[in-house]
Amino acid sequence: MQFEVWAPQSARVDLRLNGTDRAMARHPGPGREGWWRVEAAAEEGDRYGFLLDGGPEVRPDPRGRRLPDGPDGLSAVLDPATAFGSLEAPAERPPVRLQDAVLYELHLGTFTPEGTFDAAAGRLGHLVSLGVTHVELMPVCPFPGRHGWGYDGVAPWAVHEPYGGPAGLARFVAAAHAHGLGVVLDVVHNHLGPSGNHLPAFGPYFTDAHHTPWGSAVNLDAAGSDEVRAYLIGSALAWLRDYRIDGLRLDAVHALADDRALPFLEELSAEVDALARETGRPLFLIAESDRCDPRTTEPRAAGGPGGPGGPGGLGLHAQWNDDFHHALHCAVTGESQGYYGDFAAAPLAALAKTMTRVFFHDGTWSSFRGRTHGRPVDRRHTPAHRFLGYAQTHDQVGNRALGDRLSQTVPPGLLACAAAVVLTGPFVPMLFMGEEWAAGTPWQYFTDHPDPRLAQAVRDGRRREFAAHGWAAADVPDPQDPATRDRSCLDWSEPDRAPHERMLAWYRTLIALRRTQPDLRDPDLGAVRVAYDEERRWLTFRRGDVRVALNLSAEPVTVALGRNGVRVLAAWEPVEHPGADGRVHLPPRSAVVLGP
C-alpha cells in the first residue's frame, strides 16, 4: 500500500512500519508540493509512524484512522471499507429531514457508566421510545487520558480508543440506523488540544497571524492553508462517507480565523452538498456560532463557492440559537448574571422576540459585549429549521460551577414549560441527555490529563474562573478527580421511578404531538404569533391551529385564546377545555397544548 504525508518543511521523511524504517520520496505530481510517499506491504492493524529530518521521535500519521495507544502512540493501518464497510446497507434506512428532526445531544463517556459505543448502543431503544430522530454525539476524536468532554481532541481523522475506536463508532452508527435514528457528530476545527498535538512538527497547520482563546489559530488563510483546509474537509467527508454519519455539528465557528475571499465554511458546505448528491443521502452541517449572523445559514452564491452570482451566505444547513436558550433560561430561572443580563430585564419579551425573529441581538446593544451585536433574519426567505432551539446543552450545563441541570434549579412545572416551548416551538428541537426525565445527576467539567503540570493548570484555571463569581475553591469540583466524571454519568434507574417517569411521559407526549401535528413543523417564521404578560408571567403562542399556553408564575392565571374551538391535547397539570369565551384557566407553573 502507499503511505503519504504532507511535511513541506522537512528535508527528509522516513516511514517506520512494524519497526522497520523506509526512506520516503517527494511526490512528483503537480499540486502535490510538500508531499512524501513510499510503497510498503502492510496489513490491517500494522503500526506505523513518521520520522522527520532524521529526528528520534516517531510521530503518528496526521491522517491516521486509528491510534490504538493514544495520541502519542503510533498509528495503525485501517481501511474503512475492509474494517467495517459491510456493517450496514445505507438504503435500508429512510432518511429523516432536518426540518422534521428532534435531536438528542449525547456524551459517550457519561451516557452510560461504561462510557463506550457498545454500551450506548444498548440504550438506543430508550431514544426510540422517546421519539427523537437523531443522536448528536459530542466529539469522539482521540485526546489524552480516558475521560473528557472531547473538545481537547488532537487527531481529527481518528476515534478515541477507550470509547471503542473506529470499529466501535461504526457499530454504533449501524445500530442507530437499524433503530431508525440518524447520527450527528460534533467536530472541532477551531483548535486542537494542548497535549498530544503533533501537527506543528509536520507543517504550517497553525498560524500566529491570528490568535484564539486556545493560542495560535488553525491556519485557514496563510501560506500552506490550502493543504490545511483539505486536511479538515477531508476529515469531515470521511465521517460522512466512511462511517455513514448523517450530519456534523461544527464547534464554535465564530472562532475560525479566516480572511480569505472564499471562506473555509463555504468551501466545506459545498463539498458536503456534493457528497450528498453523490450518495443520495440528505447530509447536513449545523454550526455553533456566537455571531447571531443569518449569513451562516443563507445559501451560497449562485454558481458555487466563489461563483459569479453575487454575494451569498456560507451555505450551512442550520445553526444553534443561543439567544433563544438565554431568553428561555431567564424566563424559567430568573438568573441575570453574565450574558443573561440583557435577556433578564424582560425575559418574556426576549423569548417572544427570539421565537418570532430568531435572534434577540439582531443589531441591538449587548451589554455583555459592550457593543451592538448581530444581524436581523429575513423571515420571508429563511425557514425556521435553519435554527436549533433548546433549553439545555452540554455547554449551558457543564460550564456552570457545579454542572447543575435545570432540574436541580427550578421546580418540575417550570421544566415542563421549558420543554413545551422547545418541542412545540418554531425551531428544530434539541435535548441534552437526561433532561427528558429531569435527571438528578449533574454534568460537570472533567478531564484526565496525564501531564501533571497541565492537570494542575486546568484545575487552577477552573477555580480562578469561578472565584471571580464568588465561589470558594473547595466548592468547585476538581476536573481531574475521577469522581467528577462518575458523578456526571446518567443514572438509568431514574426513568422508571417517580418523579422522573412523569417528566419522561411529558417529553414523549410533546414529541409525539410534534410528529403528528404538521403545524408544529411549519417552517414559516412569519406565521408564529406570541402574546405574553411580563408581570403576570404567562405566555401563549400560536403555530397554525395549535395553541400553547404557559403559566410561569406561582399563582393560577386565566388567558384568553379567542373563540377558535381548540381543545386540550396535552397538559402538565389538569386543565379544562376552553369555554365558549375562549378562555383557558392555567394552574401555577404549568403548560398546555391545545388544537382543533
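The following exercises, with worked solutions, concern helix packing, a sheet and an aromatic pair.

The structure is a predicted model, in which local features need pLDDT of at least 70, side-chain atom pairs count only at pLDDT 80 or more, and totals for chains, interfaces and linings use all residues. Residues are numbered from 1 along each chain as its sequence is written, and side-chain values use heavy atoms, with hydrogens and water left out.

**Exercise 1.** Determine how helices α9 and α11 are arranged and which residues meet.

*Solution.* Helices (H or I, at least four residues) and strands (E, at least two) are DSSP runs, numbered from the N terminus. Step one: the axes of α9 (residues 322-333) and α11 (residues 347-357) come within 8 Å and cross at roughly 150°. Axes are lines fitted to C-alpha atoms, for helices over the stretch in contact, and angles run from 0 to 180 degrees between N-to-C directions. Step two: α9 is therefore roughly antiparallel to α11, a term for angles over 145 degrees. Step three: Asp323, Phe324, Ala327, Leu328, Cys330 and Ala331 of α9 meet Pro347, Leu348, Ala350, Leu351, Thr354 and Met355 of α11; contact means heavy atoms within 4.5 Å.

**Exercise 2.** Establish the strand order of the open sheet and identify the helices that pack on it.

*Solution.* Step one: 5 strands form the sheet in the order β20-β21-β22-β26-β24, with antiparallel pairing. Two strands pair if DSSP finds at least two bridges between them. Step two: the edge strands, each pairing on one side only, are β20 (529-533) and β24 (567-571). Step three: the twist from one strand to the next averages 20°. Step four: β24 is joined to β26 (residues 590-595) by 4 bridges, and Val592 in β26 is the bridge partner of Ala571. Step five: α11 packs on the sheet, where it touches β20 and β21 (538-543), and its direction makes about 180° with that of β20. Helix α13 (residues 412-424) lies across β21, β22 (546-551) and β26, at about 155° to β22.

**Exercise 3.** Describe the aromatic pair of Phe359 and Phe387 and state which parts it ties together.

*Solution.* Step one: the structure holds 25 aromatic pairs, counted when ring centres of Phe, Tyr and Trp (its six-membered ring) lie within 6.5 Å. Step two: Phe359 and Phe387 form an edge-to-face pair, 5.7 Å centre to centre with 85° between the planes; edge-to-face denotes planes over 60 degrees apart. Step three: Phe359 lies in the loop between α11 and β16 (364-366) and Phe387 in strand β18 (residues 387-389), so the pair ties together parts 28 residues apart in sequence.

Conventions:
Angles under 35 degrees count as roughly parallel, over 145 as roughly antiparallel, 65 to 115 as roughly perpendicular and the rest as oblique. Rings of Phe, Tyr and Trp (its six-membered ring) pair if their centres lie within 6.5 Å; planes under 30 degrees apart count as stacked, over 60 as edge-to-face and the rest as tilted.
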